[in-house]
Amino acid sequence: MARTEATKLSNGIIHNEKVPNGSVTVSEIHDEKTDYTRWRLLDERGRQTWHYLQTDEEVEQWPQSTADKYHLGLPTGLPNLPPPRTPLASAHNALTFFSALQLPPGNWACEYGGPLFLLPGLVIAWYVTQTPIPPAYAIQIKNYLFARQNAEDGGWGLHIEGESSVFGTAMNYVVCRLLGADAEDPRMVRARALLHELGGAVNGPHWAKFWLSVLGVCEWEIVNPVPPELWLLPDWVPIAPWRWWIHMRAVFLPMSFIWSRRFSHPLDPLTRSLRDELFTQPHNSINFAAHRNSISPRDNYHPKTWVLNTINWLLVNIWNPYLRSARLVQKAEAWTWKLMQMEDANTDFANLAPVNGPMHLLACYIEEGPDAYSVKRHRERMEDFLWVKDEGMLMNGTNGVQNWDTSFAIQAVMACPGFATDERWRPMLTKALEFLEDQQIREDCVDQEVCYRHPRKGAWGFSTREQGYTVSDCTSEAVKAVMQLQSTPGYPTLVSDERIHEAIDIILTMQNPSGGCSSYEPTRGSEYLEYLNAAEVFGRIMVEYDYPECTTACVTALMLFKKLYPTYRTADIDAFVERALAYIRRVQRPDGSWYGSWGICFTYAGMFALEALAAVGETYENSERVRRACKFFIDRQMEDGGWGETYRSCETGEWCNHERSQVVQTAWVCIALMEAGFPEQEPIRKALRMAMGRQRANGEWLQEGIEGVFNKSCMISYPNYKFIFPIKALGMYAERYGDIELD
Ligand SMILES: CC(C)=CCC[C@@H](C)[C@H]1CC[C@@]2(C)C3=C(CC[C@]12C)[C@@]1(C)CC[C@H](O)C(C)(C)[C@@H]1CC3
């Protein structure tokens, strides 16, 4: 075994430096582990944080819940159930299991991993802001990354199922090193070899170059400009940042501030060593400025356009050296800082998402110093993004899936005849209703026009009320769940009519002139802004687009509302629905399918689109397009009765069959066919038989392929879907055809 020398770093992590001639093999590696019986998930009104208990006393006082055990991959001890013979019995078993995972405030939680570019931002931000990293976190994060290292080449990709890229490999290599991994650990050696094969870190995309410059491993000259001056453009300018998709402008904001300050962590032994490890030539011989546009083909999903390249050239060669006056810089930085403070105030430092969150932490550290309240609060908020599972600790794509999964869970149960009025499920559903009531956003943002925020009073976001961002379909799915429960005998009216009206008012603001709906706001800028897409690794990110999924959610919420409240804004609702349906019809592809942007892929969007059409009475019987849509699915049913497509469908825009059918996608298609009123029962029965066949004796289904996507190229996990959608499909079947045995 090689000899190691331990160095204690400023952040408290013990860092093992292998003496150069040492070598170890994978079989000799004994990674440190944490004690899984000591992890606990705390859910405070939806704010979820994991805690590693230090003493036996604490362990005794705070017992591990079934949900903790399940998420950690420990045996839950949940009992085997009578084998289900009918769809409803299967749904019942599934719900028996799933209900045990409900958290005390009434919501469900789960891992929300997939992207592999989030931890690097967090860990680099922690490191450069001297934030102490608890040893248990360091151990767990490394374990997760090693568990997710691609077996064939030792690298990491953009997401957990993606092929290795410079972005994934360079950045996660850095994370492991910052958390104490040894450069001579064979897994690091392999990752480094691959990175060098791909040309080294100079071939990373813009975000990689940005973070490596922050860390002091690259020179800032390698980073294409991120000028905060853009925030000074008058609002009417077609490229003004307020028009961009909310995630892009939220990232651009702190990034432009940090870029403008050219913050770099002072060199230390570890970063000095990284300067040697990440490149294929000696650090001092690299012409960083010449690598601004270097990028490996594996990372170049959306190559920069000639327009952007020209703008970058002008900024680097003319604007920055000759025209960018100190006064202007100061003004731009002051205004970006003000906008950042508004984002922090409006979210209580939770921030929109895990990319801008760590950047805000760093920006506050730069501007206000290490002891500022803003820095302290941001450090606390970083906890909200972390998740622990059997493989280790990862960073979620948001601060959780609280509202979204809880709304869908309610709707799935509502699809099962008799469940909502069954005493067995009433407490669970009432709790879930209480949670949604608590999470509706009750106030608009302070100075919403100044900080370009869309109205939010009455809305629901994807995760929590604190995060506080209106999302069209999250509002719709939540208000649907609330209306469904509150109109069922035996449930309290927690959300008043007035508050339901407020939600509907918000939904009515979400439609674009096209008739379609986007995610967070109506579209504010032209699709041509995609010419300025500088991220390289993602497609279609610059502005809000229309999505059949979001549009459908709005339509179905409005239709249910109209049924229950037939007098409120009826004309507006009718006009909205008509335009929305025209949009859904227009974007159907000639082969009968719809392309999905938030779930993989055609199976997901098809389910929504057919639900929207069914909501206005357009079904197989009376519509050629619905028949075409059904044919699209029937043609792709697999031998075993299921359906399966891979994430490649999202990337390529063409159906890519999975080698194995997937329970979640099979449920989506069953729901789609039932919504469509597909006249033959056999394909649906066969599909549900397959799903029931994969159900375990305790009622659960095991995790299969990844379910979700964003920005066309990045996949993201929705582990609760394997409960929610099969339950809904089984319930719908029983409702429509009777709860009969399927064979
Ligand atoms: C490129 C950047 C900034 C990465 C950070 C990740 C976010 C952009 C992603 C992670 C989760 C994500 C996919 C999400 C959405 C938008 C983009 C998010 C927030 C939305 C809200 C869009 C509308 C969708 O119908 C749905 C509600 C499913 C998702 C939920 C998650």
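Helices, of at least four residues, and strands, of at least two, are DSSP runs numbered from the N terminus. In these terms the predicted model can be described first by its annotated domains, then by the surroundings of its ligand, and finally by two features of the backbone.

Two domains are listed in the UniProt record, both from an unreviewed entry. Residues 98-389 carry the annotation "Squalene cyclase N-terminal". Over this stretch the chain is 51% helix and 1% strand, and a distance of 17 Å separates its end C-alpha atoms. The annotation "Squalene cyclase C-terminal" in the UniProt record, likewise unreviewed, covers residues 404-734. Here the chain is 47% helix and 5% strand, with the end C-alpha atoms 25 Å apart.

The ligand occupies the largest cavity of the protein. Two elements each give two or more residues to the shell around the ligand, namely α9 (246-261) and α17 (472-486). Of these, α9 supplies three residues, the largest share of the shell. In total, 24 residues surround the ligand, and those that come nearest are Tyr112, His247, Phe462, Asp473 and Trp598. A polar contact is computed for aspartate 473: an N or O atom in its side chain is 2.4 Å from an oxygen atom of the ligand, and the cut-off for such a contact is 3.5 Å. On its own, the ligand has 630 Å² of accessible area, and the protein covers 100% of this area. By residue class, the shell consists of 18 nonpolar residues, five polar residues and one charged residue.

Two loops contain backbone features that deserve mention. In the loop between α20 (570-586) and α21 (602-615) lies cysteine 601. This cysteine is joined to isoleucine 600 by a cis peptide bond, for which omega is about -25°. The loop between α12 (326-347) and α13 (356-368) holds phenylalanine 349. Although phenylalanine 349 is not a glycine, its phi is positive, at about 70°.

Key: Residues are numbered from 1 along each chain as its sequence is written. This is a predicted model: local features need pLDDT of at least 70, side-chain atom pairs count only at pLDDT 80 or more; totals for chains, interfaces and linings use all residues. Side-chain values use heavy atoms; hydrogens and water are left out. A residue is near a molecule or strand if one of its heavy atoms lies within 4 Å of it. A polar contact is a pair of N or O atoms within 3.5 Å; within protein, one must be able to donate a hydrogen and the other to accept it, and residues adjacent in sequence count only if both atoms are side-chain atoms. Accessible areas come from the Shrake-Rupley method with a 1.4 Å probe; for residues, only the protein chains shown count as cover. On a 1 Å grid over the protein atoms alone, a cavity is a set of points where a 1.4 Å probe fits but cannot get out, and a pocket is an open set with protein on both sides within 12 Å along at least five of seven lines; lining residues have an atom within 4 Å of a point. A molecule sits in a cavity or pocket if more than half of its atoms lie within 2 Å of its grid points. Ala, Val, Leu, Ile, Met, Phe, Trp, Tyr, Cys and Pro count as nonpolar, Asp, Glu, Lys and Arg as charged, and the others, Gly among them, as polar. UniProt positions are given in the numbering used here, feature names are shortened, and annotations may be inferred rather than shown by experiment.
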